[in-house]
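Student: Could you walk me through a structure I have never seen before? I would like to learn how to read its features one by one.

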Amino acid sequence: MEHPSVDMNDFVAWRQLCQASIDLLKGAAHDLPSGSSRKLTEEKIRHAEDMLARADAMLAKELGMLLCDCTWPPQIMRRRQSIHYCPNCNRQLGGRSNRDEPRYNPFRDFMTS
Ligand SMILES: [Zn+2]
């Protein structure tokens, strides 16, 4: 399915907004008195951050971006000129995105392995 109104810049802006929200929550948790309530709050924020990373990976896949399975949830590969690279393991793939041809699909591979 095409998403003509959503592009990489929109995605990056979305991701930055989400990260700013998580950072605000972490800051608020840090202001709590230390103890079990603070630890529980910090754990819930880590859980929310993990769920957000999974949602980001799914959205990136929908937008035709390449993913790398060196972590779970998968890393969203960045683009530098005609090369896609993983910001975590620096794995590189050349040329086209999976909008044209699926080169790698960790969701599919995860489901069939
Ligand atoms: Zn990687």
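Student: What percentage of the 113 residues of the protein chain count as buried?

Tutor: Good place to begin! This is a predicted model, and in it 12% of the 113 residues count as buried.

Student: How many helices and strands does the protein chain have?

Tutor: Three helices and five strands. If you follow the sequence from start to end, they appear in the pattern α-α-β-β-β-β-β-α.

Student: Since the model is predicted, what is its mean pLDDT?

Tutor: The mean pLDDT of the protein chain is 82, and 78% of the residues reach 70 or more. Looking element by element helps too: β1 has the highest mean pLDDT, 94, while helix α3 (residues 106–112) has the lowest, 46. Over residues 108–113 the pLDDT is below 50, and that stretch has one contact in the model beyond near neighbours in sequence. Residues 98–103 also stay under 50, with seven contacts beyond four places in sequence.

Student: Let's turn to a helix. How far does α2 reach from its first C-alpha to its last?

Tutor: The general idea first: an α-helix has 3.6 residues a turn, so residues three or four places apart point the same way. Here, α2 has 27 residues and reaches 39 Å, close to the 39 Å expected at 1.5 Å a residue. After α2 comes G64, whose phi is positive, near 85°.

Student: Which residues make up the largest nonpolar core?

Tutor: In general, nonpolar side chains in soluble globular proteins tend to be buried together. In this model the largest nonpolar core has nine residues: A57, A60, M65, L66, L67, C68, I76, M77 and C86. Both α2 (36–62) and β1 (67–68) supply at least two residues of this core. Take A57 as an example: setting aside residues up to four places away in sequence, A57 touches L67, P73, P74 and I76.

Student: M77 is on that core list too. Is M77 buried or exposed, and why?

Tutor: M77 is buried because 23 other C-beta atoms lie within 10 Å, and the cut-off for buried is 20 or more. M77 sits in the loop between β2 (75–76) and β3. Leaving out residues up to four places away in sequence, M77 touches M65, L66, L67, C68, H84, Y85, C86 and L93. With L66, 11 residues away along the chain, the C-alpha atoms are separated by 5.4 Å.

Student: And the strands: in what order do they form the open sheet?

Tutor: Three strands form it in the order β3-β4-β5, with antiparallel pairing. The edge strands are β3 (78–80) and β5 (92–94), each pairing on one side only. On average, neighbouring strands of this sheet are turned by 30° against each other, ignoring direction. To see the pairing in detail, look at β4 (residues 83–85), which is joined to β5 by three bridges. For H84, the bridge partner in β5 is L93.

Student: What about the loop between β4 and β5, where N90 is found? Does N90 count as buried or exposed, and why?

Tutor: N90 counts as exposed because it has 9 C-beta neighbours inside 10 Å, and 12 or fewer is the cut-off for exposed. Try finding R78 as well: N90 and R78 are 12 residues apart in sequence and 9.6 Å apart in space, C-alpha to C-alpha.

Terms used:
Residues are numbered from 1 along each chain as its sequence is written. This is a predicted model: local features need pLDDT of at least 70, side-chain atom pairs count only at pLDDT 80 or more; totals for chains, interfaces and linings use all residues. A nonpolar core is a set of buried Ala, Val, Leu, Ile, Met, Phe, Trp, Tyr and Cys residues joined through C-beta atoms within 7 Å. Helices (H or I, at least four residues) and strands (E, at least two) are DSSP runs, numbered from the N terminus. Two residues are in contact if their C-beta atoms, placed from the backbone, lie within 7 Å. Two strands pair if DSSP finds at least two bridges between them. Axes are lines fitted to C-alpha atoms, for helices over the stretch in contact, and angles run from 0 to 180 degrees between N-to-C directions. pLDDT is the predictor's confidence in each residue, from 0 to 100. The expected span of a helix is 1.5 Å times one less than its number of residues.
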